[in-house]
Every structure is written in structure tokens, then in C-alpha cells.
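This report describes the voids, one helix pair and several individual residues of a protein chain. Please read it alongside the sequence and the structure.

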Amino acid sequence: MKRILIRNALLVATQDDALGEIPGGDVLIEGPVVRAVGKNLPADGAEIIDATDRVVLPGFINTHHHLYQVLTRNLPAVQDAKLFDWLVYLYDVWKHIRSEDVLAAARVGLGELLLTGCTTVADHHYLVCPGECADPFSAEAQAAEEVGCRLHLTRGSMSLGRSQGGLPPDTVIQDEESILCDSERVVAALHDPAPLSRRRVALAPCSPFSVTPSIMRKVAELARKLGVRLHTHLAETVDEERFCLERFGKRPLAYMEDVGWVGPDVWMAHCVYLDDDEIRRMAETGTGVAHCPVSNLRLGSGIAPVPKMLAAGVPVGLAVDGSASNDSSNMLRELKTALLVHRVGSGVSAMPARAVLRLATRGGARVLGRDDLGRLAPGQAADIAIFDLSGMAYAGAHGDPLAALLFCGIDDRAETVLVHGDVVVRERRLVRLDERRLAHEARAAASALLERAGV
């Protein structure tokens, strides 16, 4: 079995309560798992990765994304739009997407995430168009396999079109039978529930303003029958709160509870507009949150009350959200933004660097229901990010090298990244695919998509 020894790190930040932080630490990997963590571990013929002047961490976990949006980043018409206006415009572009576009976008988005230390990605794909984009999920799975990333793909759906008072155009909605049948197909074809699984599936109707209460209930029942998790957007904006009050007579979380969407098998993106009682209810039910600070700032949606959530015991992970509301798939930038934004929202001591790192590792693992990810400890998945702190950007910052990763730096690329014990980033470059070719293919796909949409 292949063995790798990461040796003599400036710091190994295990994110494990028992092992803590180990200056001068080593990590021994056998096959897909961590075998030992400590100091002066024997090499015994292992491949050596010299971690001198480097910080070694568990790979980051991105709990919410929309990879297909890579092709519609930075569009001038919606650079300054709020969520509902942004969506209405972009839905009319996205309805022209094809499966090969999803593949090109996912390769780039997953590659960007790996390069910034992210090893597990939960992607929420809800745009299932008839004809040329009938199976985007297989395309995403192919991209993850090629790039080398661990993937939690979610079979999203939309069933409430504009003619019924929803936001998406009717051409991208599906009827209930189609949603349920294809959800079952995707789970059967792509979900692997085994420990250390590299691919899992969740079911994920898009949002209160794009699906009906009926499909929310039926998807929840199906997911629990199949033993998979549930995911959606919730409480992202004041407009959404108004929509729920007018259409359902309830605030977003109360509506979700009414349709069976709270519990430890559920996580929701954003949750910017939750009051104290709702936060308490999230904690009581174990319902998780994917916190997306850059997207929430980019769209002017607000600052989620994450410090309150953490104090109450809500499971919280970190996420970059879609590449058209973040305009990158940079996981380390997400950590840095989370560090700063809550200092404005909740006070300068509200979000210490180690709390942010916990969100991006242990927190994300908990939100996704994974007890084999998010820590460096014996038996855990060998998903590891190594950052080089030897450059000028970190000079003078070695009094706390772990915090320096968030407070300092001009280059967010990890030097080395391993997933499942395989090196997938080496010397700040993707190992398995050519980055220049990926960029070229995605640019071509984006141009063709915008041309089809008349933009």
C-alpha cells in the first residue's frame, strides 16, 4: 500500500480535539487514510513531502456551490443587482445551458477549489433542462473524477415557474413525477454511502420561490426513504422573507418546518435572516447551515448571524456559493472574508481565526454528515492541504502561523493538496489536468452560452 510521510511541518493543525496543534509535526498516510500524526514518525520507505515552513491542515470542505455558474461570472448587467433581480436575469441565460457546459464549468470550479485547499465540495445543481441538459449530474461526477475532488452532488429541482408566481421561467421547471423519478435514478447511479466515499448524493429542491410545498414534502419523504440528506436555500434575503409571508403566511423557517424540512439530515444555504427563536430551533433540531459570506456581501443580502448560531449549537459549515454571485471558487478567500465580516457584524472578537478554520473543516464535515472528514487523526480520510508560509507575505507573522494563513498572504494557492491519499495539487498546480486548457474550454463554452442566450 502506498505510504506518504508529510514531515517537519511548521505546524500541523489537526482540528482534532485530542491531537491539537503540533509544531514540527508529521502526518503519515497509508492508502486513502491518515495512519499516524505526531513528531519524528518513521518513514519506513514512504514518499517524503518536506513541510518545512509549511502549515498542514485537513482539506477545507465547501458546503454549498453552483458549479455551472462559472460560465456566467462578472456579467455587467447584474454586477450591482440584488438577488431576485439577479436571478430573473440569469435564469434566462442559464436555461440555454448544455451538459457539456456543465462539464467544462465543473472542471474549472473544482480545480479552483482544490488549488485553494478545498478537498470536498457540495454542489447544488437545480437547473435540469429537457433535451441537451437532461443529465448534468453525470457531467459533474465526471469532472470530480478527472480533477480529483471529493464530491457531494445534490439533485436539485424547480417546479414553480413564473406562470405560477415563481421566479424561474417555465422552460426550466419540471413536474413532480419527473423530479421524483430522476432523483431516485441519480441516487441509485451516483450515491456511495460507504465510509471514505468520494461521491455522495443529496436531494435539493432549489428554494421557497422556485418549488411548491408539495414537492418539498415528497422529496423529503423520498430522501429519508433512500437514506440521503436534504439541502436547499433559506432566508437569504428580505425579499424571500416577504415572498414566504405573502404566499405561505409564514416566515421561511416556519414554512420549512411545516413541510418536514428540519432535522440533522438537512442543511440550508445562507440563513441570513433568522431571529433568535429560529436559531434556537435550528440548534434543537440539528439543522445545518452553509455560511456564504462573500456571496451575501456581493449581492448585498446581509450578514448571517453565525456567531449566534455557533453559540446556540447550530451545525455550521463554510461555502463559496455559486461562481456568479461570488465570481470565484476561492475557498481560502471565503475563510478570510468570514474572519473579517463578523467583526463588523458582531464585534472584533466574534470570529477568531481558529473558529473560522473549524467552520471550514470540522463544521463542514458535520453539516455534510461525515465523521471521516475534517480532521487529521488516525483512520480519517487523507484529505490534506499544505500552505507555504516561507514567502515575504508571511515575514514577521510566524508568532502564530495558523492565524497568519488568514490574516496575511497575497497568494491563496495551496502548495500541495491530497485527496483520498492522492496528490492532486503539487507546486501550486493541478496534477491531473492542464489549467490553461480548462480555462480555454470554459471561455469557449461561456461565449457560446451567452450567444445562445442573446446576451
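Which element supplies the largest share of the lining of the largest pocket? The answer is α14, with six residues.

The structure is a predicted model, in which local features need pLDDT of at least 70 and side-chain atom pairs count only at pLDDT 80 or more, while totals for chains, interfaces and linings use all residues. Residues are numbered from 1 along each chain as its sequence is written, and side-chain values use heavy atoms, with hydrogens and water left out.

**Pockets and cavities**

Voids were located on a 1 Å grid over the protein atoms alone: a cavity is a set of points where a 1.4 Å probe fits but cannot get out, a pocket is an open set with protein on both sides within 12 Å along at least five of seven lines, and lining residues have an atom within 4 Å of a point. Grid points are joined across faces, edges and corners, and a volume is the space filled by probe spheres set on the points. Lining residues are sorted by class: Ala, Val, Leu, Ile, Met, Phe, Trp, Tyr, Cys and Pro count as nonpolar, Asp, Glu, Lys and Arg as charged, and the others, Gly among them, as polar. Helices (H or I, at least four residues) and strands (E, at least two) are DSSP runs, numbered from the N terminus.

| Void | Volume | Lining by class |
|---|---|---|
| Largest pocket | about 390 Å³ | nine nonpolar, five polar, five charged residues |
| Second largest pocket | about 270 Å³ | eight nonpolar, three polar, six charged residues |
| Largest cavity | about 120 Å³ | eight nonpolar, seven polar, two charged residues |
| Second largest cavity | about 40 Å³ | four nonpolar, four polar, two charged residues |

The largest pocket has a volume of about 390 Å³. Of its 19 lining residues, Val70, Arg73, Val108, Glu112 and Ala439 are the closest to its centre. Both α2 and α14 (435-453) supply at least two residues of this lining.

In the second largest pocket, 17 residues form the lining, and Val316, Arg358, Arg362, Gly363 and Arg366 lie nearest the centre. Helix α12 (residues 353-367) provides the largest share here, seven residues.

Two cavities of 30 Å³ or more are present. The largest cavity is lined by 17 residues, with Leu83, Trp86, Leu87, His233 and Glu236 the closest to its centre. Helix α1 (residues 83-94) gives the most to this lining, namely four residues. Around the second largest cavity, the lining includes Pro58, Gly59, Ile61, Thr119 and Thr120, as well as Leu373, Gly374, Arg375, Ala381 and Asp383.

**The α2 and α3 pair**

Helix α2 (residues 99-115) packs against helix α3 (residues 136-147) at an angle of about 35°, with the axes 8 Å apart. From α2, the contact is made by residues including Ser99, Val102, Leu103 and Leu114, and from α3 by residues including Pro136, Ala139, Glu140 and Val147. By class, this contact has ten nonpolar, three polar and three charged residues. Axes are lines fitted to C-alpha atoms, for helices over the stretch in contact, and angles run from 0 to 180 degrees between N-to-C directions. Contact means heavy atoms within 4.5 Å.

**Individual residues**

Accessibility is described in three grades: buried means under 20% relative accessible area, exposed over 50%, and partly exposed in between (1.4 Å probe, protein chains only).

Why does Trp94 count as buried? Trp94 counts as buried because its relative accessibility is 0%. This residue lies in helix α1. Leaving aside neighbours within four places in sequence, Trp94 is in contact with residues including Tyr68, Trp86, Leu87, Tyr126 and Ala324. The C-alpha atoms of Trp94 and Phe243 are separated by 23 Å, with the two residues 149 apart along the chain.

Ser157 belongs to strand β10 (residues 150-157) and, at 2% relative accessibility, counts as buried. Beyond neighbours within four places in sequence, its contacts are Tyr126, Ile179, Ala204, Pro205, Cys206 and Val211. Tyr126 is thus listed among the contacts of Trp94 and of Ser157.

Asp321 and His420 each have a positive phi in a residue other than glycine, near 65° for Asp321 and near 60° for His420. Asp321 is located in the loop between β15 (316-318) and α11 (331-345), and its relative accessible area of 3% makes it buried. His420 is in the loop between β17 (416-419) and β18 (422-426); at 19% relative accessibility, His420 counts as buried.
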